[in-house]
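Let's take a friendly walk through this structure together. Please have the model open as you read.

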Amino acid sequence: MATILSGAAVANARSEALSARVTKLKKSGIVPTLAIIRLGERPEDLAYERGACKRCEQIGIAVQKFLLPQDAAQDAVLSAVEAINRDHTIHSALLFQPFPAHIGGDAVIAALNPAKDADGLTNDSKSHVFSGHGIGFPPCTAQACMEILHHYGYDVTGKRAVVIGRSMIIGRPVAMLLLQENATVTICHTKTEDLPALCRDADILIAAAGRANMVDSSYVSAHQVVFDVGINVGVDGKLVGDVDFAQVEPRVAAMTPVPGGVGAVTSTVLAAHVVEAAEGMA
């Protein structure tokens, strides 16, 4: 049976310290504020938004929502971004992706002030993750994986890490964060040949392919720590991860659940980015 790496324990530990920092900011007249831009109502976006808003409320962070219909024009999205850039009381912004097909996502992201980029979307943020230069923060989900490793005392130095997924949202940035801490990292994807065999050799396995229950017992071995980053909506309407929990949990050393794992920490990392941005603008 695997040790379950609860995200709640990590989130609660970080939230207490963040609340103290927010209290200090408010005493100086600054209310840390997050802006959310969301188009449409995808279930996974709504689930993340609920968790993020709840965590921000607990810590004392204000939230402003810019909610647009799925078919909103690009100009409307750009206007929302420009309003956030101009508003000095807004310290960070979260833009839900992927954007609808008719929206030029690159142009929207390029319009965002990098100093207000809470989730590692802008080129400045990416430069910071990949080269150590630039402003901004790592993507929240990628950093959340590292926060869980740190909280539970896992030293990744010299360990073999396999990341399933190559997106700029999680796969590539979490690989860079692992590499910065001296792990040996292999990035795989759904077209990798003999993927289960590569995964079985890993000490740390991060599943971020966006395919429900893709990772089954053939992907894992007894010594592993498995991170399930997937947020998928099952046929019954419930959230499921990329890892088949029932098959994998009895066969690995430790793993994160869905829900209650990486996602729980992601919202706290988001809150930390808002607080840090507010401190930087104080």
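**The sheet and its neighbours**

Start with I164, whose bridge partner in β7 is A207. This is a predicted model, in which local features need pLDDT of at least 70 and side-chain atom pairs count only at pLDDT 80 or more, while totals for chains, interfaces and linings use all residues. Residues are numbered from 1 along each chain as its sequence is written, and side-chain values use heavy atoms, with hydrogens and water left out.

I164 has a partner on the other side too: it stands opposite C188 in β6. Back along the chain, R160 stands opposite T184 in β6. A word on terms: helices (H or I, at least four residues) and strands (E, at least two) are DSSP runs, numbered from the N terminus. Two strands pair if DSSP finds at least two bridges between them. In general, strands of a sheet pair through backbone hydrogen bonds, either parallel or antiparallel.

Here β5 and β6 pair in the parallel sense over five bridges. To get from β5 to β6, the chain passes through helix α7 (residues 171–180), and this β-α-β crossover is right-handed. Right-handed means that, with the strands pointing away from the viewer, the path from the first strand over the helix to the second runs clockwise. β5 is also joined to β7, by four bridges, and these two strands run parallel.

Next, follow β7 (residues 204–207) to β8 (residues 225–228): they pair in the parallel sense over four bridges. One pair to look for is I206 with its bridge partner F227 in β8.

Now zoom out to the whole sheet. Six strands form an open sheet with parallel pairing, in the order β1-β11-β8-β7-β5-β6. Its edge strands, each pairing on one side only, are β1 (3–4) and β6 (184–188).

How many of the five residues of β5 are buried? Four are, and the strand, residues 160–164, is mostly covered. Buried means under 20% relative accessible area, exposed over 50%, and partly exposed in between (1.4 Å probe, protein chains only).

**A buried residue in α2**

I59 lies in helix α2 (residues 43–59). I59 counts as buried because its relative accessible area is 4%. Leaving aside neighbours within four places in sequence, I59 is in contact (heavy atoms within 4.5 Å) with S15, L18, S19, V22 and A271. Within the chain, I59 and L46 are 13 residues apart, and their C-alpha atoms are separated by 20 Å.

**Pockets and a cavity**

Open and closed spaces come next. On a 1 Å grid over the protein atoms alone, a cavity is a set of points where a 1.4 Å probe fits but cannot get out, and a pocket is an open set with protein on both sides within 12 Å along at least five of seven lines; lining residues have an atom within 4 Å of a point. Grid points are joined across faces, edges and corners, and a volume is the space filled by probe spheres set on the points.

The largest pocket has a volume of about 1200 Å³. It is lined by 44 residues, and E44, Y48, T141, V229 and I231 lie nearest its centre. Which element gives the largest share of this lining? Helix α2 does, with ten residues. α2, β4 (92–95) and α10 (262–281) each supply at least two residues of the lining. By class, the lining of the largest pocket divides into 22 nonpolar, 13 polar and nine charged residues. Ala, Val, Leu, Ile, Met, Phe, Trp, Tyr, Cys and Pro count as nonpolar, Asp, Glu, Lys and Arg as charged, and the others, Gly among them, as polar.

The second largest pocket holds about 210 Å³ of space. Of the 13 residues that line it, D106, I109, L121, N123 and K126 are the closest to its centre. Both α4 (105–111) and α5 give two or more residues to this lining, and the largest share, three residues, comes from α4.

Finally, there is one cavity of 30 Å³ or more, with about 30 Å³ of space. The residues lining this largest cavity are G120, K126, V129, F130, P139, M168 and P173. Helix α5 (residues 123–131) gives the largest share of that lining, three residues.
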